[in-house]
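I am opening a notebook on a structure that is new to me. I shall note what I looked up, one topic at a time.

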Amino acid sequence: MSDESRASTVRLSSLSNKLIAAIIAVIFLVEIVIYLPSLAMFRATWLDDRLRVGVVAARVLDAVPDVMALPRSLTDRLLTSAGADAIVYRRAGQSQLIELAEPVSPEVVVTADMRQRDIGSLMVGAIDTLLAGPGRTLRIIGEGDIDESLVEILMPETQLRRDMIDYSRNILLVSLGIAAVTAFALYMLVSQLFILPIQRLTRNILSFRQAPENASLILSATTRRDEIGVLERELSAMEGELFSMLRQQRHLADLGLAVAKINHDLRNTLTSAQLLSDQVATLDDPKVQRLAPRLVTTLDKAIGFAQSVLDYGREAASVPVLAPVALRGLVEDAAFEARVAGHPDISFDNAIAEDVVVLIDAGQMGRVFVNLLKNAREALEAAPQRAGAQIVVTSHLVGADVNVWVTDNGPGLPPRARDNLFVAFEGSARAGGTGLGLAIARELTEANGGQLRHVDPEEGGTRFELVLPVDIHSQ
């Protein structure tokens with residue numbers, strides 16, 4: 001993904017957009033929860049207002065003697081003020097009716113009993129009125145101002161529904177205003193506390209990833225004490241360490257390249273010197289015959305050192321191909337290559353059982369065993385001549401692993417070699433060595449899922465222990 005497409009994706013899915021959408025959605029959810037009870041109370045208040053007009057009409061009826069009839073102008077005025085087609089007043093088993101001059105015969109009548117004031121009934125009635133179609137007539141029932149008296153009002157539902165729609169529209173506009181103001185206020189607050197710092201961290205990570213060698217891109221941490229402040233300080237420290245590490249690795253790579261070039265030329269020069277020394281060794285001069293072997297040995301060591309440095313520099317981090325390998329046969333081949341098998345002065349004992357099968361890369365682990373056996377042979381050859389020099393390879397199972405011991409009865413490792421045994425160029429146990437063999441051996445062993453370490457044997461000498469994974473399918 002290119003930088004432009006990545007930046008576009010970040011803009012489209014930014015936290016600020018998600019935050020604003022979330023705030024508005026939450027506010028509307030809250031308004032929806034509040035809206036239905038509010039609409040129900042609006043409808044109840046509207047119906048109570050009509051009932052109060054009916055109560056006034058009932059008082060008027062009480063004030064007029066039974067022998068007299070209400071003037072038509074007065075009844076029309078009462079009905080018009082209530083918006084009703086008829087008003088019925090019931091008391092003590094008697095009913096009094098006020099209706100239009102031309103009575104209306106409604107087709108669909110819906111009853112609203114205002115004596116039931118629970119919120120559930122009010123909400124159901126409000127929803128029914130809001131979703132109803134035109135043409136319905138509403139029958140409102142409520143208590144009068146005298147005990148055991150009732151007032152009923154018969155009126156079209158259209159006006160109530162129209163007022164409820166207007167009320168809902170006002171609620172929606174108010175909700176939009178509240179949502180906009182609240183979203184803006186919360187956005188400004190959260191943006192300053194969280195969004196802007198996270199955007200700053202995101203831009204820094206993207207920029208530093210493109211140019212980690214640029215020290216000016218290292219994040220300057222703030223003094224915040226919360227989680228974002230901790231993140232800023234840790235990111236700044238990580239970028240500083242990464243910058244230093246990359247710079248050090250670049251210097252080491254440049255230095256290694258220069259050393260490799262110098263080492264290559266030095267090896268060629270030493271090879272030429274070795275050829276000349278071989279020719280000098282054929283001369284009959286006694287002094288030449290006495291000094292020539294030392295010269296040849298010195299040149300051999302120098303060439304070997306140069307070659308080992310070149311080999312270490314070319315060492316590739318290839319991925320091991322793990323496969324079941326018979327461990328005894330692998331050790332036999334390594335002993336032959338390390339010139340341990342058949343040695344005239346050193347006895348070799350391969351005590352690994354025939355049925356031990358490990359899951360390793362045979363090529364890489366073969367190099368490890370060759371190195372260990374070669375080191376043991378060279379240690380025994382450099383020691384004072386004595387009878388009984390031997391190298392023994394043994395193994396024993398420990399759970400899902402096999403522990404392999406490569407042991408010799410030589411003089412053991414000097415203290416200097418023990419301290420830096422697996423450190424390149426520092427862990428050599430003999431004079432003139434590079435210390436690369438054991439470093440490479442440990443890297444290869446760990447790459448194959450095993451371990452390589454030095455163990456002090458009780459009987460003296462030197463012992464290296466390898467822990468290798470057993471092939472479970474062969475068990």
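In which hand of crossing does α8 pass α9? I looked this up before anything else, and I find that the crossing of α8 past α9 is right-handed, a term which applies if the near helix is turned clockwise from the far one by less than a right angle, an anticlockwise turn being left-handed.

**Basis of the entries.** I keep in mind that this is a predicted model, in which local features need pLDDT of at least 70 and side-chain atom pairs count only at pLDDT 80 or more, while totals for chains, interfaces and linings use all residues. Residues are numbered from 1 along each chain as its sequence is written, and side-chain values use heavy atoms, with hydrogens and water left out.

**Whole chain.** I find 11 helices and 12 strands in the chain, where helices (H or I, at least four residues) and strands (E, at least two) are DSSP runs numbered from the N terminus. Of the 475 residues, 35% are buried, a class that means under 20% relative accessible area, with exposed being over 50% and partly exposed in between (1.4 Å probe, protein chains only). I also looked at contacts, meaning heavy atoms within 4.5 Å: among those between residues at least 6 apart in sequence, 68% join residues at least 24 apart.

**The pair α8 and α9.** Helix α8 covers residues 327-337 and helix α9 residues 362-382, and the two pack at an angle of about 50° with their axes 8 Å apart. That angle makes α8 oblique to α9, since angles under 35 degrees count as roughly parallel, over 145 as roughly antiparallel, 65 to 115 as roughly perpendicular and the rest as oblique. For such values, axes are lines fitted to C-alpha atoms, for helices over the stretch in contact, and angles run from 0 to 180 degrees between N-to-C directions. On the α8 side I list Leu 327, Leu 330, Val 331, Ala 334, Ala 335 and Glu 337, which meet Ala 362, Met 365, Gly 366, Phe 369, Val 370 and Leu 373 in α9. By class, this contact has 10 nonpolar residues, 1 polar and 1 charged, where Ala, Val, Leu, Ile, Met, Phe, Trp, Tyr, Cys and Pro count as nonpolar, Asp, Glu, Lys and Arg as charged, and the others, Gly among them, as polar.

**The sheet beside them.** I traced an open sheet of 5 strands in the order β7-β9-β10-β12-β11, with mixed pairing; two strands pair if DSSP finds at least two bridges between them. At the edges stand β7 (347-350) and β11, each with a single partner strand, so one side of each has no neighbour in the sheet. From one strand to the next, the twist averages 20°.

At one edge, β7 runs parallel to β9 (residues 390-398), joined by 4 bridges, and Phe 348 has Ile 391 in β9 as its bridge partner. I then noted that α8 lies across β7, β9, β10 (401-408) and β12, running at about 160° to β7. Helix α9 packs on the sheet as well, touching β7, β9, β10, β11 and β12, and its direction makes about 170° with that of β12.

At the other edge, β11 (residues 451-455) and β12 (residues 462-469) run antiparallel, joined by 5 bridges, and Arg 453 stands opposite Glu 465 in β12. These two strands form a hairpin with 6 residues between them, and Gly 460 in the turn has a positive phi of about 90°.

**Arg 339.** Where does Arg 339 lie? I place Arg 339 in the loop between α8 and β7, and its phi is near 60°, a positive value in a residue other than glycine. Most residues other than glycine have a negative phi. With 57% relative accessibility, Arg 339 counts as exposed.

**Arg 200.** I looked up Arg 200 in helix α5 (residues 158-210) and found this residue partly exposed, at a relative accessible area of 27%. Leaving aside neighbours within four places in sequence, Arg 200 is in contact with Leu 219, Ser 220, Thr 222 and Glu 232. Arg 200 and Glu 232 are 32 residues apart in sequence and 9.7 Å apart in space, C-alpha to C-alpha.
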